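Biologist: Could you take a close look at one part of this model, namely what surrounds the ligand, and explain it for a first-year student?

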Amino acid sequence: MTDRAFNFNAGPGTLPVPALQQAARDILDYQGLGLGIMEMSHRSKEFMAIAEQTESLFRELLGIPNNYRILFLQGGASSQFFMVPMNLLAPGTTACYLNTGTWSAKAIKEARRFGTVDVPFSGEADNFRRLPEPTDYTVAHGCQYLYLVSNNTIFGTQFSSFPETDVMLVADMSSDILSRRIPVERFGLIFAGAQKNLGPAGVTIVIVRDDLLDRVADSVPTMLRYKTHADKQSMYNTPPCFAVYLVGEVLKWVKAQGGVEAIEQRNEEKARLIYEMIDSGDYYRGHAEPSSRSRMNVAFNLPTAELEAKFVAAAAKQKMIGLKGHRSVGGCRASIYNAFPVEGVRHLVAFMQRFERENP
Ligand code: PMP
C-alpha cells in the first residue's frame with residue numbers, strides 16, 4: 001500500500017488499511033459464501049453476526065454501560081439535529097445548547113422547531129476560537145439536556161473535559177468518537193456520523209440511555225423514534241449493511257492497536273507534533289486558542305491567503321491531500337483522525353519547516 005497518500009481530509013477521512021484490505025476481499029466473496037458483503041440479506045445469520053459483533057465491540061471499546069442502547073441509523077449526523085429534540089424535548093420544555101461552531105448552530109436551528117432553546121454561550125463573536133470555561137455560562141434550572149459538540153471539526157476546537165452539571169449531557173461526537181476515553185454515564189445521548197473515526201459515510205451511531213426511549217410523543221413517525229430502532233436491534237428496516245460491516249472492521253483494528261487508551265495516546269502525540277511546529281514561530285498561526293485546541297482537526301493560517309494556496313498545492317504534490325481549511329475559516333486544516341499515521345504527521349511537520357524556509 002505504498003502508493004497511498006497521507007489523507008488529511010476532514011471527512012470522509014482516512015481509514016485503517018487492514019480494514020480496507022479485508023473489505024476489498026469481502027466485497028467480492030464473504031467467507032466463501034460465493035456472494036459479497038453488500039449482496040447478502042440483512043436477516044441472514046452471517047450479517048446478524050456481523051451486526052452483533054460490531055455492536056458488542058463498540059460497547060467494549062468505549063466502555064458503554066448496559067443501560068445504554070447502541071443504534072445504527074441513517075440520515076447522517078445532521079438528522080440527529082432534529083431527532084434529538086424530536087425524541088427528548090417535549091413541547092413547552094427547554095434545552096440548553098452551547099454554540100461552538102457551525103454544527104452546533106445547525107442543531108440549535110432544528111431544536112427550535114420543537115421547544116425552547118437556551119443558548120448561554122456562543123463563540124461566534126471571535127469566530128469560534130474558544131470553548132467556554134465552566135464559569136462562562138450557567139445552565140438554566142429545569143433544562144431537559146445540555147447539548148454540546150465535543151469536537152468542532154471546522155474550527156479545530158475540542159472540549160478537553162465535559163461540563164459538570166446535574167443536567168444530562170447530549171453530545172455530537174461525530175469528529176472525535178473513539179479517539180479518547182469518555183465518561184459515557186454522564187451523557188443521556190451521544191451520536192456520531194461514522195465517516196471520520198469509525199468507517200464510511202452512511203451510518204450514524206447513536207448511544208442512548210434506555211430510560212429516555214419512552215419520552216417520545218405519539219405524533220413522531222415510526223422511523224424517527226429511537227425506540228423503534230432500539231426495539232428491533234437497528235433492524236426495523238434494512239440497515240446500512242456495508243457501513244455497519246466496515247465499522248466492525250475498523251473496531252477490530254482499534255482493538256488490535258491496544259484499544260481506545262492506546263489510540264488516545266497516539267492522537268495526543270500526533271497533535272502535539274503539529275502544535276509544537278505552529279508554536280515554534282509566528283509564520284503559522286493556529287486558529288483555536290491553545291486551551292481549546294482539538295487533537296483531531298488542526299486549523300491554522302499562513303501569513304497570506306496566497307501562501308496558503310501555494311502550501312496546499314505544494315503539499316498535494318508530496319502526497320499530502322486535503323489540507324485546505326473549511327471555507328468559513330480559510331487557511332489550512334490537518335485532520336488527523338485515529339487511522340492517520342504518526343509518520344504522516346512527521347512528513348507534514350518537515351514539509352511545514354521546509355515551506356517556511358523557502359517562502360519567507
Ligand atoms: N457534526 C459534526 C461535528 C461534523 O463534523 C459533521 C460533518 N462533518 C456533522 C455533524 C454532519 O454530519 P453529516 O454530514 O453526517 O450529516
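Modeller: Helices are DSSP runs of H or I with at least four residues, strands are runs of E with at least two, and both are numbered from the N terminus. This is a predicted model, in which local features need pLDDT of at least 70 and side-chain atom pairs count only at pLDDT 80 or more, while totals for chains, interfaces and linings use all residues. Residues are numbered from 1 along each chain as its sequence is written.

Let us begin with the ligand. Which residues surround the ligand? They are G11, G76, A77, S78, W103, V149, T153, D172, S174, S175 and G193, where a residue counts as near if its C-beta atom, placed from the backbone, lies within 6 Å of the molecule. Helix 3, which runs over residues 76-88, makes the greatest contribution to this shell, with three residues.

The next subject is K196. The UniProt record, an unreviewed entry, marks K196 as "modified residue: N6-(pyridoxal phosphate)lysine"; such annotations may be inferred rather than shown by experiment. K196 belongs to the loop that joins strand 9 (187-193) to strand 10 (204-209). Is K196 buried or exposed? It is buried, because 31 other C-beta atoms lie within 10 Å. The cut-offs are 20 or more such atoms for buried and 12 or fewer for exposed, with partly exposed in between. When neighbours within four places in sequence are set aside, K196 is in contact with G11, G13, S174, S175 and Y337, contact meaning C-beta atoms within 7 Å. G11, S174 and S175 also appear in the list of residues around the ligand.

G11 leads to an unusual piece of backbone. Most residues other than glycine have a negative phi, and most peptide bonds are trans. The peptide bond from G11 to P12, however, is cis, and its omega is near -5 degrees. P12 lies in the loop between strand 1 (6-7) and helix 1.

G13, one of the contacts of K196, is likewise placed in the loop between strand 1 and helix 1. G13 is buried, since 22 other C-beta atoms are found within 10 Å of its own. Apart from residues up to four places away in sequence, G13 touches N7, Q195, K196, S335 and Y337. Y337 therefore appears in the contact lists of both K196 and G13. Along the chain, 325 residues separate G13 from N338, yet their C-alpha atoms are separated by 9.7 Å.

We may now return to the loop between strand 9 and strand 10, this time at G202. G202 counts as buried because it has 21 other C-beta atoms within 10 Å. The contacts of G202, not counting residues up to four places away in sequence, are Q74, P240 and A243. G76, which is part of the shell around the ligand, is 126 residues from G202 in sequence, but their C-alpha atoms are 6.6 Å apart in space.

R43 offers a contrast in burial. The unreviewed UniProt entry gives R43 the annotation "binding site". R43 is situated in the loop from helix 1 (17-28) to helix 2 (45-62). R43 counts as exposed because it has 9 C-beta neighbours inside 10 Å.

Two further residues concern the backbone. N127 has a phi near 50 degrees, which is positive although N127 is a residue other than glycine. F128, also not a glycine, has a positive phi of about 55 degrees. N127 is placed in the loop between strand 4 (116-122) and strand 5 (146-149), and F128 is found in the loop between strand 4 and strand 5 as well. N127 is exposed, with 12 other C-beta atoms within 10 Å, whereas F128 is buried, with 26 C-beta neighbours inside 10 Å.

Finally, the wider setting may be described. The unreviewed UniProt entry places "domain: Aminotransferase class V" at residues 6-347. Over residues 6-347, helix accounts for 34% of the chain and strand for 17%, and the end C-alpha atoms lie 9 Å apart. In summary, the ligand is surrounded by residues that include G11, S174 and S175, and the buried K196 is in contact with each of these three.

Terms used:
Contact = placed C-beta atoms within 7 Å.
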